[in-house]
Structure formats: C-alpha cells, structure tokens
Amino acid sequence: MERPDPDRSARPTPQAHPRFYPLGQLALVLTYNSGCPKGMCLFPLKERRTISLSHNAGFYLEMGTDEPQGKRGEGRCACMHSVAYFPRFSCRWNEAFQKEVLSSRLETTDLLARAITKAPQPPQAWILVTGVAYYQPSLTAEYDEDSPGGDFDFFSNLVTKWEAAARLPGDSTRQVVVRSGVVLGRGGGAIGHMLLPFRLGLGGPIGSGQQFFPWIHIGDLAGILAHALEASHVQGVLNGVAPASTTTNAEFAQALGTALGRPAFIPLPSAVVQAVFGQERAIMLLEGQKVIPRRTLATGYQYSFPELGAALKEIVA
C-alpha cells in the first residue's frame, strides 16, 4: 500500500478518510494548523526511525522504519491524531471563531474515535495531543497528570471536551493523551514570534514575568509521542512538558536573551498585551501553570532537552 506523501499538494481531508493501515509500526497522524516550517516539522528520533510532524490541514503523517512492508506484522497499526491545541493569534476571536475551534477539534476527534470503535482490526494505540491549558493558571499551585482542572475558561473546557470526544469504550486499543506545553522549535511556533524583538535587544518578560511558562522542545514532544506509540505499558495522561518547565516567563526571557547574546530586560506591560491581543488572548501570555511531567518520567521517557538553556541554544544555533 502506498504511504501518504508529505510533499503532495493535494491532500484528502480527515473527515473524508478516517482510515487505518493494517501495517506494523505505522501511524496515521492528522493536524490542523497551517504554515509549519520544515525546521519545526521534521526531526530524527532514533536510528533508522523518524517521525514527521506538520501543521498543514488534512496532512497525513506517519512514523515508520526502513524495514520492508512485507516483513511487517499484521494488525499492529498505531493511530495518532495530533492537533495544535491553541487557536492562532492572527484572527479575531469572536463567537463564530470559537465555534469553529470547538467543531474542528471535537467533531473530527469524535469521527476518528467512532471509526476506531467500528474497525475490524482497531489500532493498537490511539494518542491525542491536547494542552496544559487544562490546568488552571496559578502562581503557587503545582500540577501533575492526576491534578484536577478543565472547567474554568474556554481553553480548559475545550481540552475537557476534546479528551472526552477521544475516549474509547473497552480496552482493545491503548489510549494516551499528551497535554503539551508551549512547543519550542526552529523556524516557527512560539519562538518564531519572539526572535526578532529579542535579536534587536528589545525582548523581556511579559507582564509581571512571574507567571510560569510550561515548555517543551519539539524533539522531546516527538519523542514522547513515539515513546507512547512504542511502549505498550504507556497509557492515560502524560504531561508533555520539560522536567525544568517550572520556568517563569522572566526566566525564559532571560534564557532566550542569553542564547542570542542579547539583553532581555525590557518588559511588555500587561495593559499593552491586553490592548493589543484582547482579554482572552492576553490570558495565554499573562498567565501560566507549573506543570510537572511526573507520569511521563515514570514511564521511562528520557528527555533530550530537559534544560531550557540547552534547548534554546539548539534552536537558535
């Protein structure tokens, strides 16, 4: 069977093709953002094994080996449905857009979950990527995978409904939810918006700078996804954040300035953030959570970039 080609210009929509391949160690991945730079999307995980992440709409992605298809085992298909959990900043967040965000996540996830349930050979693993927005922002609380949340604002309710839509009955398919922090990688994402002012020496903390900034290097997010696919003992919720994600926004700004060899002491006042982005979007920048990947570490995942300084140096090099 022909594999999905990441370079095709015409790609089927996920709604039209909720299908799963009966091949060992093959993952079908769907994402919904656009404009993901190649440096953010492709990265090696292990010898003779890569995972390709992209944010193009309706994009099929796969994880596989160089092993010929004919030697792969039957009925060992793994399916991953990966979607960016925060809506984009470049549009107005009115009621219509919020409905679009909800429907794009919930309806497609529900479609795939129902397809898995009805499949004659369901995949071994079903992995959903949501976000740490599930946990309520706090300057004092510490959250692990068992902490409560999911019921205090638009984003937390989105995560709750999203994870509920993905839940499967029974135990024929192993289920994993990765709640991702802010993903740091080359050429795009959060770093892409920060580099210019920081390179000009105009960067600094946002608001008070005391809010937590839960982050993860994109290589480790891919690593956690591959670990969840391959390790049969992994199930339930994993926090997709770095062990050192107890970083505050001010500490992150300082570390990014150091990685670039630039000062980073010019603050962006809260009032300016709220005026520019609006109340709801400003929350994403002015508030944060202290999130610990306790279960992620307990499953045996070993981080490639556990420390912020090393992660940023690799990204801006």
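Pro123 is found in the loop between α2 and β6 of this predicted model. With a relative accessible area of 0%, Pro123 is buried. A distant stretch of the chain comes alongside this loop: Pro123 and Thr173 are separated by 50 residues in sequence, yet their C-alpha atoms are 6.1 Å apart in space.

The strand β6, which covers residues 125-131, leads into the paired strands of the model. Seven bridges join β6 to β8, and the two strands run parallel. One of the residue pairs that can be located here is Trp126 with its bridge partner in β8, Gln175. Strand β8 itself spans residues 174-180 and is mostly covered, six of its seven residues being buried. Strand β8 is also joined to β11, residues 236-240, by five bridges, and this pairing is likewise parallel. In it, Ser180 stands opposite Gly240 of β11. Strand β8 is thus paired with β6 and with β11. In a regular strand, the side chains alternate between the two faces of the sheet.

Trp126 also has a place in the nonpolar interior. The largest nonpolar core holds 24 residues, and within it Trp126 and Tyr135 touch the most other members. Helix α2 (95-118), strand β6 and helix α3 (154-166) each supply at least two residues of this core. The largest share comes from α3, with six residues. A second core, separate from that one, has 22 residues, among them Leu195, Ala255, Leu308 and Ile315.

Helix α3 also carries a charged residue that merits attention, Glu163. Is Glu163 buried or exposed? Its relative accessibility is 8%, and because the limit for buried residues is under 20%, Glu163 counts as buried. What does the side chain of Glu163 meet in a polar contact? The partner is the side chain of Arg179, at 2.9 Å. Apart from neighbours within four places in sequence, Glu163 is in contact with Leu128, Thr130, Val177 and Arg179. Leu128 and Thr130 fall within the residue range of β6, while Val177 and Arg179 fall within that of β8. The contacts of Glu163 therefore connect helix α3 with both of these parallel strands.

Other charged residues are joined in salt bridges, of which the model has seven. One of them lies within a single helix. Asp110 forms a salt bridge with Arg114, and their closest N and O atoms are 2.9 Å apart. Both residues belong to helix α2, where they are four residues apart, about one turn of the helix. Asp110 has a relative accessibility of 31% and so counts as partly exposed. Arg114, at 40%, also counts as partly exposed.

Salt bridges of another kind link distant parts of the chain. Asp144 forms one with Arg294, the closest N and O atoms being 2.9 Å apart. Asp144 lies in the loop between β7 (142-143) and α3, whereas Arg294 is in helix α9 (residues 294-298), so that 150 residues separate the two. Arg294 counts as partly exposed, with a relative accessibility of 36%. The side chain of Arg294 also meets that of Asp146 in a salt bridge, at 2.6 Å from N to O. Because Asp146 sits in the loop between β7 and α3 while Arg294 lies in helix α9, this pair ties together parts that are 148 residues apart in sequence. Asp146 is exposed, its relative accessible area being 52%. Together with Arg295, the residues Asp144, Asp146 and Arg294 are linked in a network of salt bridges.

These details can be set against the chain as a whole. Its secondary structure comes to 10 helices and 12 strands. Of its 317 residues, 51% count as buried. Among contacts between residues at least 6 apart in sequence, 79% join residues at least 24 apart. The chain exposes about 14,700 Å², and carbon and sulfur atoms supply 53% of that area.

Notes:
Residues are numbered from 1 along each chain as its sequence is written. This is a predicted model: local features need pLDDT of at least 70, side-chain atom pairs count only at pLDDT 80 or more; totals for chains, interfaces and linings use all residues. Side-chain values use heavy atoms; hydrogens and water are left out. Buried means under 20% relative accessible area, exposed over 50%, partly exposed in between (1.4 Å probe, protein chains only). Two strands pair if DSSP finds at least two bridges between them. A nonpolar core is a set of buried Ala, Val, Leu, Ile, Met, Phe, Trp, Tyr and Cys residues joined through side-chain atoms within 4.5 Å. A polar contact is a pair of N or O atoms within 3.5 Å; within protein, one must be able to donate a hydrogen and the other to accept it, and residues adjacent in sequence count only if both atoms are side-chain atoms. Contact means heavy atoms within 4.5 Å. Accessible areas come from the Shrake-Rupley method with a 1.4 Å probe; for residues, only the protein chains shown count as cover. A salt bridge is a side-chain nitrogen of Lys or Arg within 4 Å of a carboxyl oxygen of Asp or Glu.
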